[in-house]
Amino acid sequence: MGSSARRAAVVLLVAVVAAGACTGASQRRTASAESPSPAASVTATVSASPTSISSPTPTAAPAPTKPAPAPTKAAPAPAKPAPAPAKPAPKPAMSPPSAPIPVAASGLAGRVVAIDPGHNGQNYAHTAEINRLVDIGNGTKACDTTGTAARDGYTEAAYNLDVAQRLASLLTGAGARVVLTRTDNNGWGPCIDERAAIGNGAHADVAISIHADGSTTGRGFHVIYPVSLPGLTDAIAGPSQRLAVDIRDAYAAGTGMPYSNYIGRAALDQRGDLGGLNLSRVPKVFIETGNLHDNTDAALLEDPGFRQRAAQSLLAGLQAFLGGR
Ligand SMILES: [Zn+2]
């Protein structure tokens, strides 16, 4: 990666992740994508009210209630064409993104979803703790990593939590039960093994870990699913691959973020070195929602409107998976 010297402030945060990758594509990248923590106590069942988080997003079609003004009034003068035609009454947006999904129709009522916002805001200040090695089933890996950050200092840890909370709100509004691996950005961890344990302990129907990458080159998103490891992930490998495809398709359609042009194939990547996947007993994927080191992607990820669309897309992907298996 280029000279990191110029970004003094950011460097501190990103230091541990040196090369930047959030989950690291190769084994050398230790950390990234996962990281769970201390106490299972972090697990929090989100009881959010459906509306609490909904905001920034677009706008459900304004108001179909307002019929075009003119029909009743015969145009007084032929010369003066009805004023309105040019400006069609606001037509209902095709699919109001923020419209809550009726619980009964969501297919999510009673389903349990584990959401893992990668990293944590204070990981960088707890290097000893997050560098502790934990068992990931086929080896060991650091408890957690700092995650990456955009060039302006916007951190992946904050981004991950924001998208996770938006998604949690949408899910609970649709009748699902949500378990988060962390609910604030002010601590460290949990370690990656514990993040997986939280989803397992909740007997989640599905789990998703939310990240943004820090690749020195390229842009776009990709979804990571587990290789089939005997005795570890063999039972979830198949469903997790289907989940990866559902999440990829929904995220691409809902956000317009392009497929990664630097890793994976068609935005899909399979790995056996992530504890968060190796230790999961429920179908699970990681999504690297964009590359924070790319200025175009970073501008998108830093936009609250985009983050809401990202959350809505993930909701759609989870619905497709849960409704289709
Ligand atoms: Zn990450």
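## Strand β9 and its partners

Strand β9 covers residues 284–291, and eight of its eight residues are buried, so the rest of the structure largely encloses this strand. The model described here is predicted.

Two strands pair with β9. Strand β6, residues 206–213, runs parallel to β9, and the two are joined over six bridges. Strand β7, residues 222–226, pairs with β9 in the antiparallel sense, over three bridges. Phenylalanine 286 of β9 is a point of reference for both pairings: serine 209 stands opposite phenylalanine 286, and isoleucine 224 also stands opposite phenylalanine 286.

## Helix α4

Helix α4 is made of the 18 residues 156–173. At 1.5 Å a residue, a helix of 18 residues should span 26 Å, and the end C-alpha atoms of α4 are 26 Å apart, so the expected and computed spans agree.

Like β9, helix α4 is largely enclosed by the rest of the structure, because 17 of its 18 residues are buried. Just after α4 comes glycine 175, which takes a positive phi of about 100°.

## The nonpolar cores

The largest nonpolar core has 58 residues. Within this core, the residues that touch the most other members are Ile115, Leu167, Leu171, Val285 and Leu314. Helix α4 supplies the largest share of the core, nine residues.

What does leucine 167 touch, apart from residues up to four places away in sequence? Its contacts are Ile115, Ala311, Leu314 and Leu315. A second core is separate from the largest one and has nine residues, among them Ala142, Trp188, Cys191 and Leu279.

## Isoleucine 136 in its loop

Isoleucine 136 lies in the loop between strands β3 (133–135) and β4 (140–142). Is this loop residue, isoleucine 136, buried or exposed? Isoleucine 136 has 23 other C-beta atoms within 10 Å, and a residue counts as buried at 20 or more, so isoleucine 136 is buried.

Setting aside neighbours within four places in sequence, isoleucine 136 is in contact with Lys141, Ile192, Asp193, Gly275, Asn278 and Leu279. One of these contacts, Leu279, is also a member of the second core. Another of them, isoleucine 192, is 56 residues from isoleucine 136 in sequence, while their C-alpha atoms are 8.2 Å apart in space.

Notes. Residues numbered from 1 in each chain as written. Predicted model: local features only at pLDDT ≥ 70, side-chain atom pairs only at ≥ 80, totals over all residues. Helix = DSSP H or I, 4+ residues; strand = E, 2+ residues; numbered from the N terminus. Expected span 1.5 Å × (residues − 1). Buried ≥ 20, exposed ≤ 12 C-beta atoms within 10 Å, placed from the backbone. Core = buried A, V, L, I, M, F, W, Y, C linked by C-beta atoms within 7 Å. Contact = placed C-beta atoms within 7 Å. Pairing = 2+ DSSP bridges.
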